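Good morning, colleagues. I would ask you to look at the structure on the screen while I describe one strand and one interface.

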Amino acid sequence: MTDITKGAIVPPRSFLSQDAVQLFYRLLAALLICAVLAVLSDSFLSLGNILNVLRQASLTFFIASGLTLVVLTAGLDLSVGANVALSACIAGTIIHKTGSPALGILTGLACGGIVGLLNGIMVTALRIPSFIATYGMLWVLNGLTYWYMAGETLHGFPAGFRQIGSGYLFGLPIPVYLLLVFLGIGTLFAQRTIWGQEIYAIGANPVAARLSGIPVARRLLLVYAVSGTMAGLASIIFLSRLNSAEADIGESLTLPAIAAVLIGGTSLFGGVGTVFGTFIGALILTLVLNGMNLLSVSANWQPLVTGIIVILAVWLDMKTRRRAQ
Amino acid sequence: MSDGLPIEVTLPTPLLELRGISKEFPGVKALDDVSFAIYPGEVHMLLGENGAGKSSLMKVLCGAYRADAGEFYHKGERVAISSTADAQKLGIAVIFQEFSLVPYLDIAQNIFLGREPKGRIPGTIDRHRILADARRVLDTIGFDIDPSTTVDKLGVAQQQMVEIAKAISQNARILVMDEPTAALSDRETELLFALIARLKADGVAIVYISHRMAEVFALGDRITVLRDGRRIDGVRPADVTPDQLVRMMVGRNVDMTYPRNFADKPGEVLLEVKGLTAPTGIFDINIEVRRGEIVGLCGLVGSGRSEVARAIFGADPVTSGEIIFDGKTISGEPDLAARRGIALIPESRKSEGLALLRSVSDNLVVSALKKLFPSGLFDQRSAQRTADGLIRQLRIATPSARQTVGLLSGGNQQKVVIGKWLAAGSKLFIFDEPTRGIDIGAKSEIFALIDRLVADGAAALMISSEQIEICHVCDRAYVMREGRIAGHLTRSELTEENIVRLGMHHA
Amino acid sequence: MKKKLGYLALPLLMAVALATEVRADGEAIAVFTKNQTNPFFQTVRVGADNMAKSLNAKTLQYIPTKPDSIPEQLSQIEDVVVKKPSAIVFTPVDYKAMVPGVEKINEAKIPVVNITDRSAGGKFLSFVGADDYSLGLETARFLLKTLGGKGNIVIIEGVKGSLTNVDRVRGFNDALKEAPSAKLLASQPGNYQRLQALQVMENLMQSNSQIDGVLAANDAMAIGAIEALDGANRKALVIGINGTKEAIDAIKSGKLLASGDYNGFAQGCLGTMMAIRSWRNQPIISEIVLKPTVITKDNYQPFDVPLEQRTCPTFEDAGKLSAK
Amino acid sequence: MREAAVISQPNPLQRIPGVAIVLVLLIALFSVIAPGFLSVANLSNVLVQSTILTMLALPMTLIIMTEGLDLSMGAVLTLTSLCVAIVSLATKSMLLGLGAGLLVGATFGVANGWLVAIIGIPPFVATLGTLGMAQGLSLIVSDGQSVVGIPHSVRDIYSATLLGIPVPVVMALVTYAAFHGLLYHTRFGTYIFALGGNREALRYAGLSPNRLLIAVYAIGGAMAGIAGLLMTARMNSGHPTAGLGLEFDAIAAVAVGGTSFERGNGWLLGTVLGVIAVGVLRNGLNLISLPSSVQVASVGVLVILALFLDGLRSRA
């Protein structure tokens with residue numbers, strides 16, 4: 001990825017103003033969608049619905065935020081969805097077996113993290129392109145999950161545990177708090193720690209990063225592990241939100257997460273993007289689906305609309321950045 | 001002789017004449033009313049610091065850029081160059097430093113890219129003819145290689161030959177070469193010069209861009225100097241001294257002897273390499289570098305100099321041998337070496353030294369993050385402050401620390417690469433061709449900088465293909481041949497002759 | 001080179017080990033199901049194994065690696081035809097698109113029994129399945145009866161165009177027609193997916209302040225809807241279809257009003273039974289459409305036993321189970 | 001150059017092992033442990049089953065050689081398959097159906113090319129978007145229903161044989177021949193190498209990279225159209241989810257086949273071997289009827305293993 005022409009569209013991250021501008025455009029887009037929906041459906045602006053959207057966005061965001069770091073290093077993780085499924089199923093069993101949510105949560109996160117780590121090892125030690133490595137991992141994980149679950153469904157978890165996904169605190173759903181917390185952590189990690197800086201540097205030019213004394217392999221491992229752990233977290237939220245899990249819950253999670261990252265303005269060539277952008281990306285996706293439900297538009301239209309949004313978002317992103325240069 | 005007229009009237013009609021060529025980009029005037037003429041069978045040296053407009057001029061010549069103003073005259077009649085096709089019709093061919101070759105096509109396909117001989121079936125290529133034609137072209141430039149070899153297996157020099165063959169095959173009458181010898185070993189350079197002589201004889205005009213004074217005087221028939229997009233003067237080598245040329249280029253006096261206050265007694269040993277052997281093709285390397293020293297590492301291109309540097313820095317694996325730095329043996333990845341205080345300024349800035357899309361400040365602090373922010377918490381503002389300090393200290397010409405580093409000139413980019421190691425507080429600086437593609441003004445600045453570094457107790461190991469530089473600035477030098485240390489030269493023995501003698505292959 | 005072979009040896013050994021273990025005698029019955037993720041098909045498979053064991057035959061399970069993948073099930077048929085099992089028990093992933101596959105089986109003269117989804121074509125010894133329409137109708141009727149024939153109802157549909165969904169939703173709607181004072185607020189697809197159903201429900205609750213009844217085309221979606229209701233601290237009567245284990249538990253705990261028993265276990269048992277009997281030239285029943293049973297908290301006990309412990313119906317029961 | 005050494009596999013001869021080793025070993029393994037694996041009927045099964053994927057993987061190879069990607073192929077194939085079904089149903093003509101499929105496919109291909117080349121959207125994003133569009137359109141035109149009752153002329157394509165060889169296999173062979181000729185013996189093919197290897201070279205040669213790029217993606221779309229016909233013929237119906245996810249299988253096959261994602265270093269034959277390797281694996285596992293979950297995992301293992309072997313060699 002050392003070839004400028006490939007990434008020529010994007011200016012350096014450190015044009016903070018630049019990034020601010022990009023985020024501003026995205027917020028604007030999100031607000032625009034809100035406005036349209038508010039006009040079309042009177043029930044849209046209700047507090048309940050807003051919280052709804054946020055809560056639904058949170059699941060995508062948890063997966064997408066970890067993915068953002070991977071994409072920042074010019075990598076990709078196609079296994080996040082399958083990872084969520086496996087982690088959820090294992091965490092669920094632990095809770096059933098031990099009756100201890102805490103233990104379940106830990107195993108869920110650990111399982112996700114380990115899978116991520118394995119991805120990292122394939123990418124760094126075995127030097128397999130992340131796209132292919134994680135695609136292979138996707139199949140392996142599915143295989144494991146199918147075998148492990150044998151078509152059963154895990155369900156019925158302690159009320160305390162279910163609070164995480166469905167409970168409220170001061171009138172706000174708990175997932176929304178979690179979303180804000182991890183949005184904060186993610187942003188701090190990417191922008192305000194030296195690891196974050198090193199990750200951006202690796203994404204911008206891996207060779208130069210290595211010759212600048214950055215432990216590239218270790219950072220990549222970290223990034224994939226984090227992505228995996230976030231998938232683990234998502235699995236916990238999922239588990240407690242739906243009070244159950246089966247082997248196929250991952251199928252529908254990966255592409256939306258990737259879409260959210262892209263709509264959020266993170267460049268696939270690495271080195272450019274923000275976690276906050278990803279949050280807005282997830283928000284925009286959710287808003288659209290929410291709107292379609294409220295207006296009872298046939299679900300057949302959802303993929304079409306999502307596709308158009310992804311392209312539009314990236315296109316506008318390029319346009320605005322180009323003008324800025 | 002403020003302009004070169006008196007010379008030009010004595011010559012036949014120029015092959016190509018530029019009159020008042022101007023090219024503007026948002027913010028910069030890349031070319032400002034440039035006029036000069038190119039005559040058949042001459043080597044026309046194009047001199048100028050980076051950013052003086054040489055590359056823009058090349059792009060205009062080959063039709064990649066379209067001039068905003070100005071006229072072209074081909075053999076006296078007015079022509080337009082608005083596309084690469086136009087340029088080709090006029091027989092202009094440019095050989096850039098980044099080659100325009102396709103790695104997984106063979107030599108023949110590369111030479112005739114876009115001009116493949118048609119086969120019987122429409123759309124297909126006549127394989128026999130393309131190979132035959134390629135062989136013919138390669139013969140004319142005396143390059144003996146199977147045209148069906150894929151380019152990704154060729155060395156830099158060979159690729160350059162293919163580039164030239166490509167130009168010849170378009171029966172180019174005007175050949176523009178951008179620092180053709182930059183990546184060539186001495187032997188390869190001789191081959192190239194021989195080829196250039198042959199081309200001259202055939203009446204081909206060669207526009208030759210170089211930063212190496214030696215070449216300018218050895219090859220040049222006439223010299224055009226550019227500065228800040230303007231043509232400063234046109235002269236004959238016989239009529240000028242190197243210093244005069246430099247003054248024209250830089251616009252001020254620059255001492256070309258890179259004076260150094262040599263340390264009378266070198267400090268204690270900082271780096272000691274014992275019997276280093278690596279799969280990259282270096283054997284039993286023994287090197288010692290002391291504080292306050294600049295130690296040269298010379299030899300032909302491909303003799304293993306860069307490989308030694310990379311092995312010491314941990315960038316390449318090592319099979320055997322010991323690297324003792326500051327009393328402790330080190331082995332492992334670059335991050336370890338960097339933490340211990342070793343710095344590598346790699347051969348190719350763009351692909352190995354910098355994140356071109358990121359800002360000057362980002363690039364300056366990247367190696368020093370742990371040192372600057374021990375807490376692990378990064379702060380953009382204090383990073384900026386550090387960067388600003390380095391920018392002032394190194395006199396890096398940039399509008400701000402937020403400027404994209406890819407937009408800086410070569411010299412300033414090189415300063416950024418060095419700067420990031422200053423920030424990291426490195427003790428040993430390994431320079432791999434630190435002046436490659438850098439103009440003379442910047443060169444002496446770089447050397448002054450290195451001098452200051454070692455004066456402050458650091459040490460430097462410097463790889464360079466330009467023996468003059470080694471002789472001027474190094475306390476001692478190791479000469480490599482075929483992956484081994486062929487000899488060691490003390491300050492007094494340090495002459496170009498000795499370097500060449502030790503570096504030569506004894507066939 | 002050696003090194004590489006080393007890496008390859010591992011999976012090879014694994015495969016050999018597993019491969020040797022599948023060699024056994026007695027009839028081999030190939031059982032095709034849609035996917036390995038939906039609990040329903042697990043009950044079918046257990047039923048089939050259970051029956052096969054009792055008739056000392058063995059089953060070979062064929063499940064697409066990508067859930068409900070048409071090309072994959074077609075490939076699996078082609079592969080199985082080479083393997084020539086004694087008979088095949090077949091659930092098409094798509095009742096129309098799999099017809100060519102069934103015809104391949106017919107060409108190969110392998111006796112085949114159709115279960116669960118009635119294939120749109122091809123020759124079968126027998127069909128064993130539940131009547132999705134009457135299941136939808138009965139469960140919906142039960143819900144409306146409990147609501148006293150009135151109230152605001154939403155339908156959460158399964159995968160558009162899938163056979164089960166079309167009939168179940170048709171059943172729902174006909175039941176609603178019988179109760180003129182009940183009002184259908186919306187009918188949205190949840191694609192048989194828990195999460196989608198949950199989100200659809202959440203959104204529907206926004207646009208409808210009062211929802212009394214939810215008709216979900218399968219249990220997973222019903223449970224999803226219940227979670228959504230809980231999340232919003234709202235109450236509504238919910239019914240699902242399939243009678244999966246979690247549905248039974250939900251009924252026990254009073255969260256779920258009822259679930260129509262799709263009885264995959266019996267389908268698996270009887271399908272396999274017919275296949276084996278035909279191979280043994282014993283008489284078979286050419287069509288068994290299981291009576292619709294609505295599982296409620298009054299009658300859930302018999303369903304509340306782990307699959308493994310359930311016993312397959314005998315040939316004699318088979319006739320009684322059938323609606324016709 | 002130094003990095004280049006890591007990125008690219010030196011030459012086909014050195015590259016063959018990665019896929020070939022795996023394939024040969026798989027065949028050897030299954031002929032021992034899988035009864036009936038070596039039977040003509042079964043082997044022709046494997047080949048016939050591999051045809052549709054081959055027809056996607058070959059153009060995918062070209063696209064990846066231009067440092068591009070086409071995630072929309074599976075969805076586009078689904079859509080074209082539906083178009084073939086609908087049109088041939090309406091007109092009772094297989095050819096018109098094929099025409100419609102080709103048209104729709106090529107249109108999407110051109111759209112992809114346009115987004116990538118002219119608008120300059122990264123291939124991954126552009127084709128992810130068109131994936132959604134094609135998938136949506138499939139659902140909309142079919143309203144989620146399968147399209148049945150199409151003329152037999154269509155399904156015959158899949159079942160018919162030519163000189164004893166199944167027609168789909170013949171089509172695949174012809175396609176391979178065509179792509180081989182195109183890539184290695186035509187100017188266009190030469191330019192495909194250049195698209196990934198060095199676009200500047202094309203510009204200096206006075207050629208338009210954009211037009212070439214669009215052409216490459218258009219070929220991909222058109223092939224999806226032809227594959228769509230096969231898919232419809234195979235199912236004797238059109239179905240709105242039939243081909244979803246095939247693009248990833250295709251990409252995996254290309255990667256397993258030893259085509260690298262950088263600098264236009266591609267290998268057509270390897271791609272075909274990759275497709276067949278996956279086919280053999282699935283078929284063999286079906287024959288020895290392992291638990292389906294093992295099958296799922298083994299596909300992943302195969303992909304990782306093959307790339308790992310290539311990695312070993314490129315470092316050796």
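In which sense do strands β1 and β2 of chain C pair, and over how many bridges? Before I answer, please note that this is a predicted model. The pairing of β1(C), residues 28-32, with β2(C), residues 58-62, is parallel and comprises five bridges. Between these two strands the chain passes through helix α2 of chain C, residues 39-54, and the resulting β-α-β crossover is right-handed.

Strand β1(C) also pairs with β3 of chain C, residues 87-90, again in the parallel sense, over four bridges. One residue illustrates both pairings. C:Phe32 has C:Tyr62 as its bridge partner in β2(C), and C:Phe90 as its bridge partner in β3(C).

Is this strand largely enclosed or not? Four of the five residues of β1(C) are buried, and the strand is therefore largely enclosed by the rest of the structure.

I turn now to the interface between chains C and A. Chain C contributes 28 residues to this contact, and chain A contributes 29. On the side of chain C, the elements giving two or more residues are α2, β7 (182-189), α7 (194-207), α8 (219-231) and α9 (245-252). Helix α2(C), which we met in the crossover, is thus named here as well. The largest share, nine residues, is supplied by α7(C).

What is the character of the residues on this side of chain C? Nine are nonpolar, 13 are polar and six are charged.

How values were computed
Residues are numbered from 1 along each chain as its sequence is written. Chains are lettered from A and ligands numbered from 1 in the order in which they are written. This is a predicted model: local features need pLDDT of at least 70, side-chain atom pairs count only at pLDDT 80 or more; totals for chains, interfaces and linings use all residues. A residue is buried if 20 or more other C-beta atoms lie within 10 Å of its own, exposed if 12 or fewer, and partly exposed in between; C-beta atoms are placed from the backbone. Two strands pair if DSSP finds at least two bridges between them. A crossover is right-handed if, with the strands pointing away from the viewer, the path from the first strand over the helix to the second runs clockwise. Two residues are in contact if their C-beta atoms, placed from the backbone, lie within 7 Å. Ala, Val, Leu, Ile, Met, Phe, Trp, Tyr, Cys and Pro count as nonpolar, Asp, Glu, Lys and Arg as charged, and the others, Gly among them, as polar.
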